[in-house]
Structures are given as structure tokens and as C-alpha cells.
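Welcome! Take a moment to turn the structure around on your screen before reading on. The briefing below will walk you through it topic by topic.

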Amino acid sequence: MYQLNEDQVDFILSDIRKKGIDLEDLQYDLLDHVCCIIENEFSGQSNFEQFYEDTIARFFRKELREVQDETKKLLTFKDYYAMKRILNITGFTAGGFIVIGAIFRMLEISSANVLMLLGAVIFGLLFLPLAAVLKFQDEATARNKFVFVFGTLIGIAATFGILFKLMYWPYANVLMRGSLMVFMGLFVPTYFFVRLREATSRFNTMLSTILMLVGGGMMLTLSNPKISVNMEDCLYSVGDFLETNTADMQAINEDIADKLAANDRKIEQMRLLSGRIDSEIGQIKAKLISESEQVSLETAGSMTIADLRNPYNSEVVQAHFAESTGELSMQSLQELLQAYNQELHSLLPEGHRYAIPYEKLQMDRTIVSVLLYELTHIQYLVANNENRFLNQYLGSVEPQQ
Amino acid sequence: MCYSCIHYILRYICFMYSSELIKGTLKTIVLNLLKKNDRLYGYEITNMVKELTAGKIQITEGALYPTLHALEKNGEVTTEKVYIGKRVRKYYTLTTKGNETASERVDELADFIRTIKALLDPEAGLGHVPT
């Protein structure tokens, strides 16, 4: 049995490290094994280094590093399958949340945004990164690994861009358009030229590239370059402003009427006319809010457009206003407004009266928040006409003592 | 002629099994050897397999050590380091979990061999009475 000296052992260990074995445990495993082979099979007559090279060559096909790579692969084997399971679970969960959230959004159910947010977060922060890690391990070449990681990063940016757009958060357009342009301008060409080198996947590469170009081009066309705005907030702001101005105008009219002679026939006529419209519209608004929000009429009476949980409700408009008959219907309001416009002739001179142009308003096939806004606007116009009448009268009638 | 060339030729002269066949049974082979012996180190395992199979199965070092490391990570073997000068020899011993896995895999392989035998020689059958 050949006896190795310390220098020879050092030489073997150093060479094993030079050949790419970093794992210390594996270095010593291989060192001991090589030493055992040399001790049992080397006669001592031939060249030691040559015998060592011939011995170590038995351990691999191309290079010794294969042993370490295979070791690392087997060590992460269990993790690999666990990650694949998690990938499937997160993928289906994210997909489910997003689809259900989209359906809820169409049905105007309030939890739609929560579901979309959860789905996008799971997809962007769990599914896509996991998919990238697994693809990174699966792909053999560094180029392919780079392509998939690059694609994943763009996917994550685009996912959050779409989410920001849905939630009206800032920088939505930056993320969406930015990721789309990087996708079209950088990723697609990179993908094409890297994958085209592989003969086996050439057809799939061409097909995928065409699909990505067409899909990306369409997305770029459809993406809205304008600033993301929350339309609901805009509508609430306008509605609130109008309601406040209407209430202020009515209060001013009340003050003016108090200062004037209360038993003047025309003043009384004007006040009654305005009051009739105001009351009718007030009741219509309360009825619509009560039906839409499923609250009592009393509660609905104190609610405004900004209090609506279902501002996009169109069924309540059709069922309880546009298509209904009798009191508090669209037809009855239009008749009342027609009568109001006619009476205005006798109360205000030409050039000082403003007929309510109700024919120009779309009061059916609309959403409840828009209808409420239109009704409030009519109340404002009525209050404005009354104010104009009273101001004009102010000069010609003795104020009440 | 270098040692590796002789070894390459001998692979065919000695009718060694293909690597695909050995790859699927390597873990079972190693677990079973460790079950039958108190503790073994890497060189002992390869030598024992070679002797027991008259050289028909030769486990390559490139396949053995990844398998041993994976078994250690799974908790199926424990290791004991013995220092021989500057060398560190790792002795592998089966754990309780490894013992159970060894029994399961040996039984599975034995059943598989019976099934393949029945497939290749249908007249012999599996020895089961069909219902």
C-alpha cells in the first residue's frame, strides 16, 4: 500500500480546489477518496502527478465541477418541488382573486377593489418572482436565465402599473407606459435574438415574438396617456359644490323674501313656484338614494352624492324614476318643469328669465350619481331664477317694517 | 496507454450496466449498504459495490458524493469525521429515518424487479391469482 506524504496530500487538495470545488465538505470527501485510490492502486513506480490526473479524471465527464453542481442540484431538489407547489397555489389564488374582483367590479360590488389589490400583489410579489427563480434554475445558459429574469421584472412593473391605474394611485402611467416601452423596445428584441440561436426552439421563438409584438403594440395603443383621475372624487366634488351653492342661494332668497312685503301676490307666486319644484326634486332625490343605498327615506333625505356607496347604479334610475309612472317620476317632473317655464313668463321679463332646459338633460339611461347632480342643478337654476326675481323686485317694492 | 483509456474500454469489456439503470437505483444501493454495515466512508462504499457485483456495477464518485450529501440533508444519514493527518474522513451512518427509507426502497425495488420480470417473461407471471 502506497503511503502519501503531506506534500502530496496538499497538492491533491489544492488541485481539487483549483478545479472548481468550493464546498469544503465535498473537497475533503474527494480528497479522502482520491487518497484511498492512490494508496490502494498506485505502485510508486510511475509518475505520481500523472497517476493522480488519471485517477481524478474518473470522477467526471468534462470537469470536476460537475460533482459540485450535481451536489448542489440534489441539495435544492426538495426546495425546488416545494417552490413549484407554492407557485401553483399562488398562481391560481392570484388568478381567482383577479377574475372575481373583475366580476365584482362589473356588478358594482364594493369589495371588488380589495380582491383586485390582493390578486395583483400575490401575482406581482409572489408568483412572478417565484416563476423567475424556478426558470432561472431550469434554464441551462446564462443568456436564457437573463432573458427570463428581465421579462419577470418587466412583468412585475406592468402588474403594479395596472394596479395603480385601477386604484387611481399616482405614477400609474409611468409604470404602465414605461414597462410597455421597455418590453417592446428592449425585451422583445433581446428575447428574439437570444432564443433564435437555439435551433430546437426557433419556431416557438418566432411565434412568441410575433404574439408579443402584436399584444404589446395593442396595449400601447389602448393605454391612456392622460393623468389618472378618480372620476368619483371629481363628481363628488362638483356635486358637493353645487349642493352648497344651491343651499346658499335658497337661504339668500329666504332672507330677501323676509325683507320684502310678504303679502305681495307675485312674490308669493314665485316662492310657491320655486318651492313646488324644490320639494318635488327633493323627494325624488330622497327616493332614489333610499332605493339605491337601501336606507330609510328619512336617512336618505340628509345624504348627498358624496355619501353614495353605489354611485354607478343605473337600475334604480330606470326602475324608480325613468320608467315609473305617477308621482315623483321623470314624466311628472318634466310636466312640472314645463308648467314652471310657462309661469316664469308672467313673473320675469324677457332677458331676465332662464327657462329650465330639461329637454337637453339625459335623465334616463344614466347612473344615479349623475341624475342626482342634474336634479341639484335644476334646483340651483330655480333658486337662481327666484333670486333674480327677488333682486329685481327689491328695488320696486317697499321693504317690510 | 493512460489509465482512463483502459478504464473506458474496460467499461464495455466488463459488460457494465448503463448509467440510466444505475442512476435510478443508486440511492437504494447506498441506503441498503449502510443498513447492512455500521458505518462506511465513500471509498468503502464504491469498493464494496464493485466487489459484491463482480465489477458489474461501479458507482462513480461523481454520482456517489452528491447522493450522500443529499441523504445527509434529508436526515437519512449522519456523519462522523475522523482526522487522518491532513485528511478528513467522513463516516456515514444511517439514522432511524434512513433505516425506514432503506427498508421501503428495498421493498419497492424488489417488487419492481418482480414486475419487470413478469413483463419480460409473461408466462412466468407475477404469481398472483387473478380475481
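A residue is called buried when its relative accessible area is under 20%, exposed when it is over 50%, and partly exposed in between. Keep in mind as you read that this is a predicted model. With those cut-offs, A:G217 counts as partly exposed, because its relative accessibility is 25%.

**A glycine in a helix of chain A**

- You can find A:G217 in helix α9 of chain A, which covers residues 202-222.
- Look also for A:L180, which is 37 residues away from A:G217 along the chain. The C-alpha atoms of these two residues are separated by 8.7 Å.

**The layout of chain B**

- Chain B contains five helices and two strands.
- If you follow the sequence of chain B, the elements come in the pattern α-α-α-α-β-β-α.
- Of the 131 residues in chain B, 33% are buried.

**The two paired strands of chain B**

- Strand β1 (residues 77-84) and strand β2 (residues 87-94) of chain B run antiparallel to each other and pair over eight bridges.
- To trace the pairing, start at B:Y83, whose bridge partner in β2(B) is B:V88. Then find B:K81, which stands opposite B:K90 in β2(B).
- The hairpin of β1(B) and β2(B) has two residues between the strands, and B:G85 takes a positive phi near 60 degrees there.
- Is β2(B) largely enclosed by the rest of the structure, or largely open? Seven of its eight residues are buried, so β2(B) is largely enclosed.

**Salt bridges**

- Over all chains, the structure holds 21 salt bridges.
- One of them joins A:D15 and A:K19, with the closest N and O atoms 2.6 Å apart. A:D15 is buried, because its relative accessible area is 10%, while A:K19 is partly exposed at 24%.
- Another salt bridge links A:R65 with A:D22, where the closest N and O atoms are 3.7 Å apart. A:R65 sits in helix α4 (residues 65-75) of chain A and A:D22 in the loop between α1 (6-18) and α2 (24-41), so the pair ties together parts that are 43 residues apart in sequence.
- In that pair, A:R65 is partly exposed at 29% relative accessibility, whereas A:D22 is exposed at 52%.
- A:D29 and B:K90 also meet through their side chains in a salt bridge, at 3.8 Å from N to O. This pair crosses between chains, from helix α2 of chain A, where A:D29 lies, to strand β2 of chain B, where B:K90 lies.
- Both A:D29 and B:K90 are buried. Salt bridges with shared partners join A:D25, A:D29, B:E72, B:K81 and B:K90 into one network.

**Patches on the surface**

- Which residues gather in a patch of positive charge on the surface? They are A:R61, A:K62, A:K73 and B:K23.
- B:K23 belongs to helix α2 (residues 19-36) of chain B. With a relative accessible area of 66%, B:K23 is exposed.
- A negative patch on the surface is made by B:E100, B:E104, B:D107 and B:E108. Among them, B:E104 is part of helix α5 (residues 96-120) of chain B and counts as exposed, because its relative accessibility is 54%.
- There is a nonpolar surface patch too, formed by A:V99, A:I103, A:M106, A:L107 and A:I109, which together have about 490 Å² of accessible area.
- Within that nonpolar patch, A:L107 lies in the loop between α5 (77-106) and α6 (112-138) of chain A. A:L107 is exposed at 56% relative accessibility.

**Positive phi angles in loops**

- A:R365 has a positive phi, near 50 degrees, although A:R365 is not a glycine. You will find A:R365 in the loop between α14 (330-347) and α15 (368-396) of chain A, and A:R365 is exposed at 62% relative accessibility.
- B:A54 is also a residue other than glycine with a positive phi, in this case near 55 degrees. Its place is the loop between α3 (42-52) and α4 (61-73) of chain B.
- Is B:A54 buried or exposed? With a relative accessible area of 70%, B:A54 is exposed.

Terms used: Residues are numbered from 1 along each chain as its sequence is written. Chains are lettered from A and ligands numbered from 1 in the order in which they are written. This is a predicted model: local features need pLDDT of at least 70, side-chain atom pairs count only at pLDDT 80 or more; totals for chains, interfaces and linings use all residues. Side-chain values use heavy atoms; hydrogens and water are left out. Patches are made of residues with over 30% relative accessible area and no salt bridge: like charges are joined within 9 Å, nonpolar side chains (Val, Leu, Ile, Met, Phe, Trp, Tyr) within 5 Å. Accessible areas come from the Shrake-Rupley method with a 1.4 Å probe; for residues, only the protein chains shown count as cover. A salt bridge is a side-chain nitrogen of Lys or Arg within 4 Å of a carboxyl oxygen of Asp or Glu. Lys and Arg count as positive and Asp and Glu as negative; His and the chain ends are not counted. The place of a charge is taken as NZ of Lys, CZ of Arg, CG of Asp or CD of Glu. Helices (H or I, at least four residues) and strands (E, at least two) are DSSP runs, numbered from the N terminus. Buried means under 20% relative accessible area, exposed over 50%, partly exposed in between (1.4 Å probe, protein chains only). Two strands pair if DSSP finds at least two bridges between them.
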